[in-house]
Amino acid sequence: MGGELRYEIAQNAYLKLVLHALKHKTSAVNGILLGRVSPHNDVVEITDSVPLFHSHIGLLPQLEISLILIEEHFAAKGVSIVGYFHANERFDDHELGGIAKNVGDHIYRYLPQAAILLLDNRKLEALSKTKDRSPVVQLYTKDASRTWKLVGSDGNQLTIKEPSANVVLLDYISTEKWQDVVDFDDHLDDISKDWLNPELFK
């Protein structure tokens, strides 16, 4: 996928994923990116996200069930799965691992513009000092050889739709907003917990 394709993530979709990772700091976590490809095929608009798991994230049956439920729910809203989010277990691990690539490959089969976002703990930790407006995630897309490649960190291929998202994120970190995030693991443990997180930003 050439360099002309851009990715734009909505503030709430972005915040939900980062807060999910903060809630489970000692675990690897993952999530699904939802949205659409623009009519001109030049922007992938990430409009929402669903936090998936924080334990046993490599288990296929749970992943398949969650993907089916997500697709069924969001198809009615005119959005589909456009990518995958992953945060590694170790703070100093900045590599895209096998599980992330496998899930990304699965999504790529249906959408060649699919992206993987990997949490960058260095950027997240530095946020309070730098006041950076760029996302605290790394963008991976498939290149011509069909391998996942880190897209340049010049900051223009992945943007947050609302420029103040990191200011909001810092506010949420200070108020421990991450405690309110519900993922699929939580829902499977207690079905009264809603994986759609409808109250998270109200």
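**Entry 1. Helices over the sheet**

I began with helix 3, which lies across strand 2, strand 4, strand 5 (115–119), strand 6 and strand 7. I noted an angle of about 175 degrees between helix 3 and strand 4. I record here that the model is a predicted one.

I then turned to helix 2 (residues 60–75) and found that it lies across strand 2 (29–37), strand 3 (43–51) and strand 4 (80–87). Against strand 2, helix 2 runs at about 30 degrees.

**Entry 2. The sheet itself**

I traced the strand order as 7-6-5-4-2-3-1-8, in an open sheet of eight strands with mixed pairing. I looked up the edges and found strand 7 (148–150) and strand 8 (158–160), each of which pairs on one side only. On average, neighbouring strands of this sheet are turned by 30 degrees against each other, direction ignored.

I followed the edge at strand 7 in more detail. Strand 6 (residues 137–142) and strand 7 run antiparallel and are joined by three bridges. In this region I found Lys142 opposite Trp148 of strand 7.

**Entry 3. Gly98**

I looked up Gly98 and placed it in helix 3 (residues 98–110). I asked myself whether Gly98 is buried, partly exposed or exposed. Gly98 counts as partly exposed because its relative accessibility is 47%, and the class of partly exposed residues ends at 50%. I also checked the distance from Gly98 to Gly58: their C-alpha atoms are separated by 9.4 Å, with the two glycines 40 residues apart along the chain.

**Entry 4. Helix 1 and the core**

I examined the largest nonpolar core, which has 62 residues. The residues with the most contacts inside this core are Tyr14, Ile32, Ile70, Phe85 and Leu119. Helix 1 (residues 11–23) gives the most to the core, namely eight residues.

I went on to the geometry of helix 1. Its 13 residues reach 18 Å from the first C-alpha to the last, close to the 18 Å expected at 1.5 Å a residue. I recorded helix 1 as mostly covered, with 11 of its 13 residues buried. The buried residues of helix 1 include Tyr14, Leu15, Leu17, Val18, Leu19 and Leu22; Gln11, Lys16 and His20 are also among them.

I listed the contacts of Tyr14, leaving aside neighbours within four places in sequence. Tyr14 is in contact with Ile9, with Ser134, Pro135 and Val136, and with Ile160, Ala165, Asn166 and Leu169.

**Entry 5. Positive phi values**

I noted two residues other than glycine with positive phi: Glu176, near 55 degrees, and Asn197, near 50 degrees. Where does each lie? Glu176 is in the loop between helix 5 (165–174) and helix 6 (184–189), and Asn197 is in the segment after helix 6.

I compared their accessibility with the cut-offs. Glu176 counts as partly exposed because its relative accessibility is 41%. Asn197 is at 8% relative accessibility and therefore counts as buried, the limit for that class being under 20%.

**Entry 6. Annotated span**

I consulted the UniProt record, an unreviewed entry, which lists "domain: MPN" for residues 7–138. In the model, the end C-alpha atoms of residues 7–138 lie 12 Å apart. I noted the composition of this span as 39% helix and 27% strand.

Note on methods: Residues numbered from 1 in each chain as written. Predicted model: local features only at pLDDT ≥ 70, side-chain atom pairs only at ≥ 80, totals over all residues. Heavy atoms only, no water. Core = buried A, V, L, I, M, F, W, Y, C linked by side-chain atoms within 4.5 Å. Buried < 20%, exposed > 50% of the residue type's maximum accessible area, 1.4 Å probe, protein only. Helix = DSSP H or I, 4+ residues; strand = E, 2+ residues; numbered from the N terminus. Contact = heavy atoms within 4.5 Å. UniProt positions renumbered as here; feature names shortened; annotations may be inferred. Pairing = 2+ DSSP bridges. Axes fitted to C-alpha atoms, helices over the stretch in contact; angles between N-to-C directions. Expected span 1.5 Å × (residues − 1).
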